[in-house]
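Here is a short tour for anyone meeting this protein for the first time. Have a look at the picture below, then read on.

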Amino acid sequence: MKQRKQYRPAPPTHLSALAVPSYHRILVKHGLIEKTLSIPDAYRVFLQVGADPEVQKLSRKAERGRKMKHVPALYLATAMALQGMTKKELEALKLRMEEKRV
């Protein structure tokens, strides 16, 4: 009996989107950081965003039944709070984060 040849696809030449942590993708999606920001710096910003009183208030109000794809449960409340914010609120949040950095 002749054995079949195993054809394997070529390994990807670029990093997939999943190589970047979800908190980095969340912040980039909402325009709070640049895509080129390092992962440790992005995590610090994410912690600051999660500690913001406005985001905490919105995360408590966020629906618990709705789930977002590709976001771990740990980051779900903050992600949903950011998703529920208007563009004006996001700009105000971005300004508050910049003030904290300086």
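## A first look

What share of the 102 residues in the protein is buried? Buried residues make up 28% of them. Keep in mind that you're looking at a predicted model.

As for the overall build, the protein has 5 helices and 0 strands. Read from the N terminus, its elements go α-α-α-α-α. The accessible surface adds up to about 8100 Å², and carbon and sulfur atoms account for 57% of that. Now for how the chain meets itself: take the contacts with a separation of 6 or more, and 48% of them are between residues 24 or more positions apart.

## The nonpolar core

Let's go inside. The largest nonpolar core holds 18 residues. Leu27, Val49, Leu82 and Leu93 are the ones with the most contacts inside this core. Where do its residues come from? Helices H1, H2, H4 (73–84) and H5 (87–101) each put in at least two.

Val49 is a good residue to click on. Setting aside neighbours within four places in sequence, Val49 touches Leu27, Leu32, Val55, Thr78, Leu82, Leu93 and Met97. Three of the names on that list, Leu27, Leu82 and Leu93, also appear among the core residues with the most contacts.

## The aromatic rings

There are 4 aromatic pairs to look for. In one of them, Tyr23 and Tyr43 meet edge-to-face, with 5.0 Å from centre to centre and 65 degrees between the planes. This pair links distant parts of the chain, since Tyr23 sits in helix H1 (residues 22–29) and Tyr43 in helix H2 (residues 39–51), 20 residues apart.

Are these two rings' residues buried or exposed? Tyr23 has 9% relative accessibility, so it counts as buried. Tyr43, at 33%, counts as partly exposed.

Tyr23 has another partner, Phe46. Their ring centres are 6.0 Å apart and their planes lie at 40 degrees, so this pair is tilted. Because Tyr23 belongs to helix H1 and Phe46 to helix H2, the pair ties together parts that are 23 residues apart in sequence. Phe46 is buried, with a relative accessible area of 6%.

Put the rings together and a cluster appears: ring pairs link Tyr23, Tyr43, Phe46 and Tyr75.

Conventions: Residues are numbered from 1 along each chain as its sequence is written. This is a predicted model: local features need pLDDT of at least 70, side-chain atom pairs count only at pLDDT 80 or more; totals for chains, interfaces and linings use all residues. Side-chain values use heavy atoms; hydrogens and water are left out. Rings of Phe, Tyr and Trp (its six-membered ring) pair if their centres lie within 6.5 Å; planes under 30 degrees apart count as stacked, over 60 as edge-to-face and the rest as tilted. Helices (H or I, at least four residues) and strands (E, at least two) are DSSP runs, numbered from the N terminus. Buried means under 20% relative accessible area, exposed over 50%, partly exposed in between (1.4 Å probe, protein chains only). Contact means heavy atoms within 4.5 Å. Accessible areas come from the Shrake-Rupley method with a 1.4 Å probe; for residues, only the protein chains shown count as cover. A nonpolar core is a set of buried Ala, Val, Leu, Ile, Met, Phe, Trp, Tyr and Cys residues joined through side-chain atoms within 4.5 Å.
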